[in-house]
Amino acid sequence: MLHEETIGTTRTGPYSEEDIGSTHLHHQYRVDLRIPTLKEYSQFITLNTVRDWSQLSWTKIGKPYQVEASAKERSEWENEHHRDMDPHTSWTYFNKAFHEWFVKDVPKEMTQSKKQFLNNLRSFSPPEVKHAIGDLIRIHLWNYVHRIQDGIWDPRGKRALFEGLHLNKPRVLFLGAAEGYEAMQFGAMYPGAEIIMVDYDEYCKSTRFAEFPDRYPFLGENPQTGQTKVVYKNDLNIEYQIADIRDLDYGAEFDVVMSVGLLEHFPDEHKYEVCDWHRKFLKPGGYAILTTPRNQLRSRLYYRVMADVMNHTYRELMTVEQMGLYLYESGFDIKRHGYIKVHNGIICQPR
Ligand SMILES: C[S@@+](CC[C@H](N)C(=O)[O-])C[C@H]1O[C@@H](n2cnc3c(N)ncnc32)[C@H](O)[C@@H]1O
């Protein structure tokens, strides 16, 4: 059972190793301390579908799907400024809009939006009813995708992707870190990790990362026993830097360089530069780890319904083959590739 009152004893959060195996719904997210058995493993990750990357070509696999629906805030900004919204501004809008959903009390908002919908229905005003239906659909979709399915954080899928790398107290650089979830999950699994998160939107450090719940439990490893351990944000060694990735002056000094949802925001003419960002800070033998959203029907639907929250920037959905081919053509050897609930994942090393 989950004991809120245990905070303040030797634990740094409300869960302990006794809770491993359990899951429950918090009003903002799912707490998931389940560990898949070997048999269940394939439900959370599909691995290594491509045998020989040199045999793939763009003619065979096609190019990614470009998401067309744009956020209202973006169109309004562009009408007002008579120019395209630049990427940095787009990210500041995106991060604010996205964060507002992570901090919602979802059950409460579902009840409120149902009430609002019924009230508006009684008003017989079609625009108000349409607006209320939109709100109702979005909160239910968010509840399903983020809370019920846990598709965005997907701890079991991410752990399956990250596990088993030969790393000792790795230095990890997270490019475009936003709230930093994946580097925290990674750091929990590789004890002693030193994590540097980088994002040029200062709201990511001041609000998205700062407000990431201290009490959210990550499953990681106990370095003393090798057993599974519950790890919290504040147990980890994290430095958050507000900087443009293009201005970083690190050398080749990281064991891992990772990004989550970055590559797909650049049209093809910039993709190889983005791949290179993942190479230039790696020590010899280091790993680049990238994930991008999958091109699947339900994801296309999600980005259409949630356009006002998600689509301030250029965005593509791709297959793991497409993602891997960009990396392969950029001079990486693909060591592990696969897909989890809503993202593709690749672990690769410079050739
Ligand atoms: C799509 S988000 C990453 C997805 C993330 N998991 C989330 O939940 O939002 C990409 C992040 O990269 C950052 N970013 C994009 N280009 C950047 C650059 N040149 N330098 C630093 N950060 C950048 C954005 O500010 C944004 O927070």
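Helices here are DSSP runs of H or I at least four residues long, and strands are runs of E of at least two, both numbered from the N terminus. This is a predicted model, in which local features need pLDDT of at least 70 and side-chain atom pairs pLDDT 80 or more, while totals for chains, interfaces and linings use all residues. Residue numbers start from 1 along each chain as its sequence is written.

**Whole chain**

Start with the full chain in cartoon view. Its secondary structure consists of 12 helices and 14 strands. Along the principal axes, the C-alpha atoms fill a box of roughly 65 × 55 × 40 Å.

Colour by burial next. Of the 351 residues in the chain, 36% are buried (20 or more other C-beta atoms within 10 Å of the residue's own; 12 or fewer is exposed, anything in between partly exposed; C-beta atoms are placed from the backbone). Then consider contacts (C-beta atoms, placed from the backbone, within 7 Å). Among those with a separation of 6 or more, 68% join residues 24 or more positions apart.

**Helices α3 and α8**

Select residues 87-102, which form α3, and residues 202-209, which form α8. How far apart are the axes of α3 and α8, and at what angle do the helices pack? The axes are 10 Å apart and the angle is about 5°. Axes are lines fitted to C-alpha atoms over the stretch in contact, and angles run from 0 to 180 degrees between N-to-C directions. The two helices are therefore roughly parallel to each other (an angle under 35 degrees).

Show side chains at the contact. On the α3 side are T92, N95, K96 and H99, and they meet Y203, C204, T207 and R208 of α8. By class, the residues of this contact are 2 nonpolar, 4 polar and 2 charged. Nonpolar covers Ala, Val, Leu, Ile, Met, Phe, Trp, Tyr, Cys and Pro; charged covers Asp, Glu, Lys and Arg; the others, including Gly, are polar.

**The ligand shell**

Keep α3 selected and add the ligand. Which element gives the largest share of the shell around the ligand? That is α3, with 3 residues. Strand β6, residues 194-199, also supplies at least two residues of the shell, as does α3.

There are 17 residues around the ligand, and W91, G176, A178, Y200 and G261 come nearest (a residue is near when its C-beta atom, placed from the backbone, lies within 6 Å). Coloured by class, the shell shows 9 nonpolar, 3 polar and 5 charged residues.

**Helix α2 and H82**

Move to residues 72-81, helix α2. How many of its 10 residues are buried? The count is 1, so α2 is hardly covered.

The residue that follows α2 is H82, placed in the loop between α2 and α3. Its phi is positive, near 55°, although H82 is not a glycine. With 6 other C-beta atoms within 10 Å, H82 is exposed.

**N48**

A second positive phi in a residue other than glycine is found at N48, where the value is near 50°. Look for N48 in the loop that runs between β3 (46-47) and α1 (58-61). Is N48 buried or exposed? It has 12 other C-beta atoms within 10 Å and is exposed.

**D235**

Go on to the loop between β8 (228-231) and β9 (237-242), and select D235 there. D235 is partly exposed, with 18 other C-beta atoms within 10 Å. Add M184 and draw a C-alpha to C-alpha distance: D235 and M184 are 9.6 Å apart in space, and 51 residues apart in sequence.

**L327 and K335**

The last stop begins in helix α12, residues 320-329, which contains L327. This leucine has 23 C-beta neighbours inside 10 Å and so counts as buried. Leaving aside residues up to four places away in sequence, L327 touches C275, F332, I334, I346 and C348. The C-alpha atoms of L327 and I346 are separated by 9.0 Å, with their positions 19 residues apart along the chain.

From there, select strand β13, residues 332-339, and find K335 in it. K335 is partly exposed, having 14 other C-beta atoms within 10 Å. With residues up to four places away again left out, K335 touches I347, C348 and Q349. C348 thus appears in the contacts of L327 and in those of K335. Finish with the C-alpha distance from K335 to I289, which is 10.0 Å for two residues 46 apart along the chain.

Terms used. Contact = placed C-beta atoms within 7 Å. Parallel < 35°, antiparallel > 145°, perpendicular 65-115°, else oblique.
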